[in-house]
Amino acid sequence: MKFTYLTLFPQIMRCYFEDSILKRAIQKGLLQTEFVDFREFSKDSHKKVDRPKAGGGAGMLLTPQPIADAIKSVREKESWVIFTTPAGKRFNQKDAKRLALKKNIIFVSGRYEGFDERVVERYADEVFSIGDFVLTGGELASLVMSDAIARNIRGVLGNEESLVEESFEEGLLEAPAFTKPIEFEGSKIPSEFLKGNHAKITALKNSMALLRTRYYRP
Ligand code: SAM
């Protein structure tokens with residue numbers, strides 16, 4: 001899988017792949033990354049990429065040409081182009097699993113007041129928001145989505161079983177989990193977890209997952 005990031009700030013994205021699981025995925029050849037500064041594609045003599053909004057309104061908008069040309073320069077036959085915007089579809093775990101089967105995803109990170117709508121309409125295969133809040137730029141949104149996608153690529157996680165038991169599988173949040181010490185600041189691990197009866201542990205986990213889901217996501 002290849003992730004290509006179109007951004008005005010490649011340097012704030014690169015470091016995310018320099019440690020831990022995603023670094024190992026790159027070393028194992030499961031993941032490739034490319035960072036493209038779309039300012040390089042500006043035809044403006046000062047490499048400007050933003051202009052005031054047509055019709056007025058606060059802030060500056062990204063002009064469509066540098067982004068369109070940057071996409072054209074990296075797009076391959078099987079590329080899938082994702083634009084980031086708070087006004088997009090809310091990204092979820094099902095999207096992460098589905099997109100893990102793609103060959104090449106191009107993430108486009110906005111800045112300022114976002115994109116000229118025409119470049120989104122013409123070039124986006126999908127448009128995602130990572131939640132109902134507004135970030136200063138799309139870089140974190142692109143990294144959030146690519147992290148969630150990457151861990152669903154076969155071989156990226158050390159233990160693939162982690163993917164089966166976690167939140168959003170079966171429509172539930174994951175049950176609370178515990179580790180040693182058995183007693184921490186006066187609070188003990190539920191005794192059922194220590195008795196080794198796997199059927200009872202599973203039943204307890206299921207009911208805790210249900211309760212937690214009802215509490216946090218009624
Ligand atoms: N004016 C835009 C609006 O109200 O929808 C917000 C623009 S925001 C300040 C700048 C860029 O950050 C956006 O173009 C987008 O790429 C990114 N961004 C901000 N919040 C986001 C979110 N919740 N999900 C995905 N991308 C986001």
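# Exercises on a two-domain chain

The centres of domain 1 and domain 2, taken over C-alpha atoms, are separated by 37 Å; the domain bounds come from an automatic or database domain assignment. The model is a predicted one, in which local features need pLDDT of at least 70 and side-chain atom pairs count only at pLDDT 80 or more, while totals for chains, interfaces and linings use all residues. Residues are numbered from 1 along each chain as its sequence is written, and side-chain values use heavy atoms, with hydrogens and water left out.

## Exercise 1: the whole chain

Task: State which residues form each domain, and explain why the chain is described as more spread out than a compact globule.

Solution.

1. Domain 1 covers residues 2-150, and domain 2 covers residues 164-216.
2. The chain contains eight helices and nine strands. Helices (H or I, at least four residues) and strands (E, at least two) are DSSP runs, numbered from the N terminus.
3. The radius of gyration is taken over C-alpha atoms, and the globule rule is 2.2 Å times the number of residues to the power 0.38.
4. For 218 residues this rule gives 17 Å; the radius of gyration of the chain is 21 Å, well over that value, so the chain is more spread out than a compact globule.
5. Along the principal axes, the C-alpha atoms fill a box of roughly 70 × 40 × 30 Å.

## Exercise 2: Ile149

Task: Determine whether Ile149 is buried or exposed, and list the residues it contacts beyond its neighbours within four places in sequence.

Solution.

1. Ile149 belongs to helix α6 (residues 139-150).
2. Buried means under 20% relative accessible area, exposed over 50%, and partly exposed in between (1.4 Å probe, protein chains only).
3. The relative accessibility of Ile149 is 0%, so this residue counts as buried.
4. With contact meaning heavy atoms within 4.5 Å, Ile149 meets Met1, Phe3, Phe91, Ala96, Leu99, Ala100, Ile105 and Phe107.
5. Ala177 is 28 residues from Ile149 in sequence, and their C-alpha atoms are 24 Å apart.

## Exercise 3: Thr213

Task: Find the helix that holds Thr213, and give the C-alpha separation of Thr213 and Leu173.

Solution.

1. Thr213 is located in helix α8 (residues 198-216).
2. Its relative accessibility is 12%, so Thr213 counts as buried.
3. Although Thr213 and Leu173 are 40 residues apart along the chain, 5.4 Å separates their C-alpha atoms.
4. Leaving out residues up to four places away in sequence, Thr213 touches Gly171, Leu172, Leu173 and Pro218.
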